[in-house]
Amino acid sequence: MIVVGGMHGNEPGGLAAMDRLTDRIDRGELKLRGRLVMLTGNVEACARGVRLIDEDMNRLWTRTRIDRLRSISLDACASAEEREVWSLSRELDRALDEATWNPLPVVIDLHTASAPSVPFAVARNTLDHAALFRGLPIPIIAGLEEALGGLLLGHAFDRGARTLAIETGPHESETAAEDLESVVLWILIRSGLITGGELSSVRDSFASLRERCAGIPPIVEVIHRHPVVDRERFVMEDGFRSFDRVAAQQVLAVDHGLPVRAPCRSRLLMPLYQDQGEDGFFIGLERDRPYLWLSEWFRRLRLQWLLGFFPSVRREPGGGDVWRVDRPDHRWVREALRFFGYREQVELKSGTLLASRSRP
Ligand SMILES: [Zn+2]
């Protein structure tokens, strides 16, 4: 398992959580039965206590950029963050090269937010993730990794790992570091990499996470992102928190003087209140346990051919796991695609939608 903290230099909680875990292992409280690699993300920004120096380090992990950084020397990097990605990607790749691939290695990226928040995970809802995360004491936001490009986790996922980010808040708080530590510990124990889960302090921390996240569905799936073009002209309505229920047509923000409304009855995710950012908010749908169970079994039984019964949906020729949708606005089409895990969706200029999944 590989854990990365401090990818944003103003989020010391991840580094504190890794220190706390190391202490517990050193004290002999927890016994390690495999390999755990912990890495600092943006070393320079962490030392200065700033979010970033030249650019957001968690948006640089695109295939083209990584390929370029692989072929140049450290001195040839164009920004402070490129230098960080240059080093971190090499460490990460080395750790993945040395990993045993059964079960698949896990890469965890630790973050905090400026506002207090219940801890949550961002992960892919694929079959290989479902087994690891069943019973996770915090909610999961699915479909976000697929919607955002250039994430470290996207790079690790493309290399075959299971990936998740954990976020809580606020920055600098003791509770944020404790939350991050507890969730990493839960995953370490679940994956059999560490023993010591019987300790009462560990069990209490899981119980407290569960209590704080009570009432939130196990998975909320992102169906909409509100992009922010001009931060000066976007104002989120006051008082929203992640996972708040919103009604259809409820006003959520004002952008360029016009009200922005919720598209349907849903959950609001990650409202933008800080000065920087390109994501105003996300809208997600609740996925309860029966839905997740059904979706998992329909994927296990490879029933995706059922999608072909929609009149506007057909398999893209060429043998890949891609569906072509001519009328993507048909009421149930997008829902059915997500049900079968086709979350990588590209809309062509013609209005046609191409939906694919890297892993079922
Ligand atoms: Zn962050």
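In this predicted model, Trp 101 is exposed, because just 9 other C-beta atoms lie within 10 Å of its own, and a residue counts as exposed at 12 or fewer. Trp 101 sits in the loop that links helix H4 (80-98) to strand E4 (106-112). Ile 141 follows 40 residues later in sequence, and the C-alpha atoms of Trp 101 and Ile 141 are 25 Å apart in space.

From this loop the chain leads into E4, which pairs with strand E7 in the parallel sense over seven bridges. Within this pairing, Leu 110 stands opposite Ile 166 of E7. E7 also has a partner in strand E5 (residues 117-123); here the two strands run antiparallel and are joined by five bridges. Phe 120 is found opposite Glu 167 of E7.

How many residues of strand E7 are buried? Eight of the eight residues in E7 (residues 162-169) are buried, and the strand is described as mostly covered. Arg 162, Leu 164, Ile 166 and Thr 168 point one way from E7, while Thr 163, Ala 165, Glu 167 and Gly 169 point the other way, and both sets are buried. Charged side chains are thus worth a look when browsing this strand: Arg 162 and Glu 167 are among its buried residues.

Turning to the interior, the largest nonpolar core has 73 residues, and those with the most contacts inside it are Ile 108, Ala 121, Ile 140, Ile 141, Val 184 and Leu 269. Helix H8 (residues 174-190) supplies the largest share of this core, with nine residues. Both domain 1 (2-212) and domain 2 (220-287) contribute to the core, each with at least three residues. Apart from this core lies another one, made of 11 residues, including Trp 323, Val 325, Ala 336 and Ala 355.

Ile 140 gives a closer view of the larger assembly's surroundings. Leaving aside neighbours within four places in sequence, Ile 140 is in contact with Phe 120, Ala 121, Ala 123, Phe 133, Pro 218 and Ile 219.

Helix H8 itself has 17 residues and reaches 24 Å from its first C-alpha to its last, close to the 24 Å expected at 1.5 Å a residue. H8 is mostly covered, with 12 of its 17 residues buried. Among the buried residues are Ala 176, Ala 177 and the run of Asp 179, Leu 180, Glu 181, Ser 182, Val 183, Val 184, Leu 185, Trp 186, Ile 187 and Leu 188. Just after H8, Gly 192 adopts a positive phi of about 80°.

Note on methods:
Residues numbered from 1 in each chain as written. Predicted model: local features only at pLDDT ≥ 70, side-chain atom pairs only at ≥ 80, totals over all residues. Helix = DSSP H or I, 4+ residues; strand = E, 2+ residues; numbered from the N terminus. Buried ≥ 20, exposed ≤ 12 C-beta atoms within 10 Å, placed from the backbone. Pairing = 2+ DSSP bridges. Core = buried A, V, L, I, M, F, W, Y, C linked by C-beta atoms within 7 Å. Domains from an automatic or database assignment. Contact = placed C-beta atoms within 7 Å. Expected span 1.5 Å × (residues − 1).
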